[in-house]
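Biologist: Please take a close look at one helix of this model and at the packing around it. I should like a connected account that moves from the helix to its surroundings.

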Amino acid sequence: MYLYLYDSFLNKKKYNTVLARIETRLTDLGIGGKIFRLSPLRNVEELVADEIRGGTKTIVVVGNDKTLNQIVNISARHDCTIGLIPIGPDNTIARIIGIPESEAACNVLAARMVKKIDLGKINNVYFLSGLQLDGSAVTLHCENQYVITPPRPKSAITICNLRPLSITGLGIAYFNPEDGLLEVLVQPPASGLFKMRKGSIASQSVIPFKKLLITSRGSSTSVLTDGQQIIKTPASVEVAPRKLRLIVGKERRF
Amino acid sequence: MFKKEGEGVEEIETIIGPSVQVEGDFIAAGDVVVEGMVSGKLKTEKNLRVGTGAKIFASVAAQNALIAGEIQGNVKVDGNLELTGTARVFGDVKAKTLTIASGACLHGKCQAGEDRKSKLEKIEERAKPKLREKEKAAAASAIISS
């Protein structure tokens, strides 16, 4: 049984046609189900928990990265499979997991290629794609064994579970959400003519890990989870292996 | 040992880039590429590549290693160790096979080749006490007979 969660931004009139087409396609494929429209007044966690108790096995997020991350955090605590129908801008995760936009995503859902993938966990908050932090102010204590310090100011640190789209040149083994590891990606600040080479392998560092502690060198700094939630340092990060069942497409990048 | 940049890398490598400093016991299961600074201990079960600009203040252990940067500490390699012309090693070096390019700098004891002695040497060693016993016995019998 399927549960479709529509993001609140889809209430805009311009999305009516797309949604109607998607609903028709889902009915044609025989994977129709209950539809709920998210709103700030509705408690999503309670809703999801009730539906799973009622026999729902698959939750399909209709929206963008922000919607998916919100639901991933809830579903990690329950036994269910997550699907995605990307609509609108900010859909990088959909590209990484190989799901095409709007109507075409229904075919991927119907094909139902389910992968058990890792999630990251920072202070009991789960994240799917990664964390962003300012490298000039933090120190990373990995596996209780060694410390990583980016000596250059303005280095960008990303803790990745899924492959960032900007990365080129590194093989498919890197940033694999099925390997039970997260990766620290340190990118030095690009300047002048070398701005174009920001994605080159030579200048960046990739260090796989299972557990680390983020501390700040001065006052507490913030860590951005999947581009939406802010967490203050110190914070502990660890991998939650094979925590999420996700419907993926053939064009996925892992 | 390592694939060139840009080629599809199938096995995961740890890359310590020039923008990073690592302190402590860094123990990796896969290949490691160091272009930055490492201090403490560096150990990998697979291959290690130390880039030209890298500085390592640590004892190093790896399966195979290609060194083009600076290492201040002992290096122990189970397989092949290659020092390029830009390598600077201040410490003892131990490897099964050692290749040193002209221009490389090595300050320390150097041990290359297998630890184990050859079969012939072992047989000779085992045979030595027996020969001595026989000689003693022969000498004793000669004294008695005389």
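Modeller: In this predicted model, the buried residues of α5(A) pack against four elements of chain A, namely α1 (16-29), β3 (58-63), β4 (81-86) and β16 (235-248). The helix itself covers residues 103-111, and its buried positions are A:A105, A:C106, A:V108 and A:L109. Viewed down the axis of α5(A), these buried residues fall within an arc of 165°, so they line one face of the helix. Just after α5(A), A:R112 adopts a positive phi of about 50°.

The surroundings lead on to the nonpolar core. The largest such core has 97 residues, and those touching the most other members are A:L5, A:V60, A:V61, A:V184, B:V38, B:I56 and B:I67. The element that gives the most to this core is β16(A), with seven residues; β16 is also one of the partners of the buried residues of α5(A). Leaving aside residues up to four places away in sequence, A:V61 touches A:L5, A:T67, A:L68, A:I71, A:I82 and A:L84.

Elsewhere in chain A, helix α3 (residues 65-75) packs with helix α2 (residues 44-53) at an angle of about 55°, their axes lying 10 Å apart. Angles that are neither under 35 degrees, over 145, nor 65 to 115 count as oblique, and the value here therefore makes α2(A) oblique to α3(A). The crossing in which α2(A) passes α3(A) is right-handed. Where they meet, α2(A) contributes A:V44, A:E45 and A:V48, and α3(A) contributes A:Q70, A:I74 and A:S75.

How values were computed
Residues are numbered from 1 along each chain as its sequence is written. Chains are lettered from A and ligands numbered from 1 in the order in which they are written. This is a predicted model: local features need pLDDT of at least 70, side-chain atom pairs count only at pLDDT 80 or more; totals for chains, interfaces and linings use all residues. A residue is buried if 20 or more other C-beta atoms lie within 10 Å of its own, exposed if 12 or fewer, and partly exposed in between; C-beta atoms are placed from the backbone. Helices (H or I, at least four residues) and strands (E, at least two) are DSSP runs, numbered from the N terminus. The arc is that of the directions from the helix axis to the C-beta atoms. Two residues are in contact if their C-beta atoms, placed from the backbone, lie within 7 Å. A nonpolar core is a set of buried Ala, Val, Leu, Ile, Met, Phe, Trp, Tyr and Cys residues joined through C-beta atoms within 7 Å. Axes are lines fitted to C-alpha atoms, for helices over the stretch in contact, and angles run from 0 to 180 degrees between N-to-C directions. A crossing is left-handed if the near helix is turned anticlockwise from the far one by less than a right angle, and right-handed if clockwise.
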